[in-house]
Amino acid sequence: MAEILAVGEAMERALALLESGEVVAIPTETVYGLAGDATNGIGVARIFEAKGRPRFNPLIAHIADMEMAERIAVFDPLSRKLALAFWPGPLTLVLPQRPGNGTHPLVTAGLDTIALRMPRGFGGDLIARLGRPLAAPSANSSGRISATTAHAVAADLGARIKLVVDGGATPVGLESTIVKAEEGKLRLLRPGGIAAQEIEAVVGMELLRGADAGVEAPGMLASHYAPDAAVRLNAGTVGEGEALLAFGKRRAEGWQNAAACLNLSEAGDLREAASNLFAYMQQLDRSGARIIAVEPVPFDGLGEAINDRLSRAAAPRDNSLPPT
Ligand code: TXA
Ligand code: MG
C-alpha cells in the first residue's frame with residue numbers, strides 16, 4: 001500500500017521517487033495529480049499504467065516558473081497575458097512546443113502542442129526542487145471521479161503507487177480550465193476551476209467554444225468521471241431508493257425518501273459546490289444507491305464546469321472511449 005505523508009514531511013521522499021522514475025500522487029489547488037518526471041519516458045509510462053488509461057491521451061506538463069514554461073513552449077501575447085494573470089492557478093494553456101524541449105513524446109501523445117500549467121503550493125515547490133516539469137493527470141483510475149483528498153487517492157490507486165502526499169482537501173475541487181490561442185482568438189477546450197468570464201474579463205474578448213476540428217482535448221469525450229451508480233440530471237423528484245445530490249435551498253420533491261442526501265451548497269454558492277462535487281459524488285456512490293439524482297445547478301460562472309462534469313458522469317458508459 002502507498003505510504004501517505006503530509007506535505008511538510010514528504011519533499012525528500014517525493015524527489016527521490018521521481019528521480020528514480022516512479023510516480024507520486026500530489027495535492028494541487030484543483031484536484032490531486034499523479035505526477036511523474038515529464039522528461040523520463042518510464043516515469044510517464046508508469047502514469048498511464050497506474051491509471052489504467054486505455055490509450056495515451058496527452059498529459060498536462062506542470063511547470064514551476066515562466067522560465068521553465070518558455071523553455072518548453074512558445075507563448076503568443078494572449079497566452080502570456082493569461083499566464084501573468086492566472087499563474088500559479090487553475091489555468092492550463094495549450095501552446096506550440098519548442099522542438100527538443102526535453103519533455104518525453106508520451107506526455108503529448110505525439111502532438112506538436114503541449115498543455116502547460118503552473119500549480120500552487122506543494123506541486124510548484126516540488127517542480128522547482130526537481131528542476132524539471134512534472135506530467136500529471138488527475139490521480140484517479142481511468143474514467144473515475146477525480147480525487148480531491150489523499151484518502152480518495154489512496155483508496156483508488158494505493159495498491160499501485162508508492163507515495164501519496166497529503167495536503168488536505170483541494171480548495172478548488174475541479175480540474176483546471178484549458179484554453180488554447182488560435183490566430184488572435186482564444187478557444188475554451190475544457191471549462192474548469194477558473195470561470196470563462198474571468199478569462200474573458202482579462203483579455204477583453206469572448207472565448208470560442210467547442211472544438212473546431214476533431215476532438216481538441218482528446219480526454220474530453222462523453223463518459224467520464226463515472227461513479228458506479230447511474231446519474232440522473234436535473235432531478236425535480238427523487239425516486240424510490242435513489243440518492244440525492246442537492247444544490248441550494250429548494251429540495252426536489254420526495255427528497256425525504258432519498259437513500260442518502262448531500263447538498264453541494266446550501267447557500268447556492270458555485271465555488272463551494274465545485275469544491276464539494278467529486279467528494280460528494282463518491283460518498284453518495286458508497287451509499288450503495290443504484291441511481292444518484294442531481295438537482296439542477298445553474299450554468300453561470302463555475303456552474304459551466306460543474307454541469308460539464310455532471311453531464312459526463314451521466315453519459316452512457318462506453319469503455320472503448322479514452323477517458324482521462
Ligand atoms: O487541474 C488539472 O488540470 C489536473 C491537475 C492534476 O493539474 N490535471 C488534469 O489532467 O485534469 P487530465 O490528464 O485529467 O486532463 C488533461 C486534459 C485532457 O482532457 C487532455 O486531453 C487535455 O488536457 N490535453 C492535454 N494536452 C493537450 C494538448 N496538447 N492539446 C489539447 N488538449 C490537451
Ligand atoms: Mg482526469
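Where is the place of Pro88? I looked this up before anything else. Pro88 sits in the loop between H4 and S5. The model I am reading is predicted, and my entries should be taken in that light.

**Entry: the loop around Trp87**

I checked the peptide bond leading into Pro88. The bond from Trp87 to Pro88 is cis, and its omega is near -5°.

I then looked for aromatic pairs and got a count of 1 aromatic pair. Its members are Phe75 and Trp87, arranged edge-to-face, with 6.1 Å centre to centre and 85° between the planes. I noted that the angle makes the pair edge-to-face because planes over 60 degrees apart are put in that class. The two residues are 12 residues apart and the pair links distant parts of the chain. Phe75 belongs to the loop between helix H3 (66-72) and helix H4 (77-86), while Trp87 belongs to the loop between H4 and strand S5 (91-96). Are Phe75 and Trp87 buried or exposed? I found both of them buried.

**Entry: Val164 and strand S8**

I moved on to Val164, which is part of strand S8 (residues 163-166). Its relative accessibility is 0%, so I put Val164 down as buried.

Which residues is Val164 in contact with, leaving aside its neighbours within four places in sequence? My list reads Ala2, Glu3, Ile4, Leu5, Ala25, Ala150, Val153 and Ala154. For Ala25 I also took the C-alpha separation from Val164, which is 4.7 Å, although the two are 139 residues apart along the chain.

**Entry: helix H6 and what covers it**

Ala150, Val153 and Ala154, among the contacts of Val164, led me to helix H6 (residues 150-157). I asked which residues of H6 are buried. They are Ala150, Ala152, Val153, Ala154 and Leu157. As background, an α-helix has 3.6 residues a turn, so residues three or four places apart point the same way.

I also looked at what covers the buried residues of H6. The cover includes strands S1 (3-6), S2 (24-26), S3 (33-37) and S8, together with helices H2 (41-51) and H8 (270-286).

**Entry: the second largest pocket**

H6 and H8 came up again when I turned to the second largest pocket: they are the elements that give two or more residues to its lining. H8 gives the most, with 5 residues. I read a volume of about 370 Å³ for this pocket. Its lining holds 19 residues, and Ala152, Ala155, Asp156, Gln282 and Arg286 lie nearest the centre. How many residues of each class are in the lining of the second largest pocket? I have 8 nonpolar, 6 polar and 5 charged.

**Entry: the cavity**

I searched the whole structure for cavities of 30 Å³ or more and found 1 cavity. The largest cavity has a volume of about 30 Å³. Lining it are Thr177, Leu188, Pro191, Gly192, Ile194, Ala195, Ala196, Gly301, Glu304 and Ala305. By class I wrote down 6 nonpolar, 3 polar and 1 charged for this lining.

**Entry: two buried glutamates**

I looked up Glu200 in helix H7 (residues 196-203). With a relative accessible area of 17%, Glu200 is buried, because the cut-off for buried is under 20%. Outside the neighbours within four places in sequence, Glu200 has contacts with Met205, Glu206, Leu207 and Arg209.

I looked up Glu242 next, in the loop between S12 and S13. Glu242 counts as buried because its relative accessibility is 7%. Its side chain is joined to that of Arg232 by a polar contact of 2.7 Å. Not counting residues up to four places away in sequence, I found Glu242 touching Arg232, Thr237, Ala258, Ala259, Ala260, Ala289, Ile291 and Ala293.

**Entry: positive phi angles**

Asn234 is found in the loop between strand S12 (230-232) and strand S13 (243-246). Asn234 is not a glycine, yet its phi is positive, about 50°. Its relative accessibility is 57%, so Asn234 counts as exposed.

I made a second note of this kind for Glu183, where phi is positive at about 45° although the residue is not a glycine. Glu183 is in the loop between strand S9 (177-182) and strand S10 (185-190). Why does Glu183 count as exposed? Glu183 does so because its relative accessibility is 83%.

Notes: Residues are numbered from 1 along each chain as its sequence is written. Chains are lettered from A and ligands numbered from 1 in the order in which they are written. This is a predicted model: local features need pLDDT of at least 70, side-chain atom pairs count only at pLDDT 80 or more; totals for chains, interfaces and linings use all residues. Side-chain values use heavy atoms; hydrogens and water are left out. Rings of Phe, Tyr and Trp (its six-membered ring) pair if their centres lie within 6.5 Å; planes under 30 degrees apart count as stacked, over 60 as edge-to-face and the rest as tilted. Helices (H or I, at least four residues) and strands (E, at least two) are DSSP runs, numbered from the N terminus. Buried means under 20% relative accessible area, exposed over 50%, partly exposed in between (1.4 Å probe, protein chains only). Contact means heavy atoms within 4.5 Å. On a 1 Å grid over the protein atoms alone, a cavity is a set of points where a 1.4 Å probe fits but cannot get out, and a pocket is an open set with protein on both sides within 12 Å along at least five of seven lines; lining residues have an atom within 4 Å of a point. Grid points are joined across faces, edges and corners, and a volume is the space filled by probe spheres set on the points. Ala, Val, Leu, Ile, Met, Phe, Trp, Tyr, Cys and Pro count as nonpolar, Asp, Glu, Lys and Arg as charged, and the others, Gly among them, as polar. A polar contact is a pair of N or O atoms within 3.5 Å; within protein, one must be able to donate a hydrogen and the other to accept it, and residues adjacent in sequence count only if both atoms are side-chain atoms.
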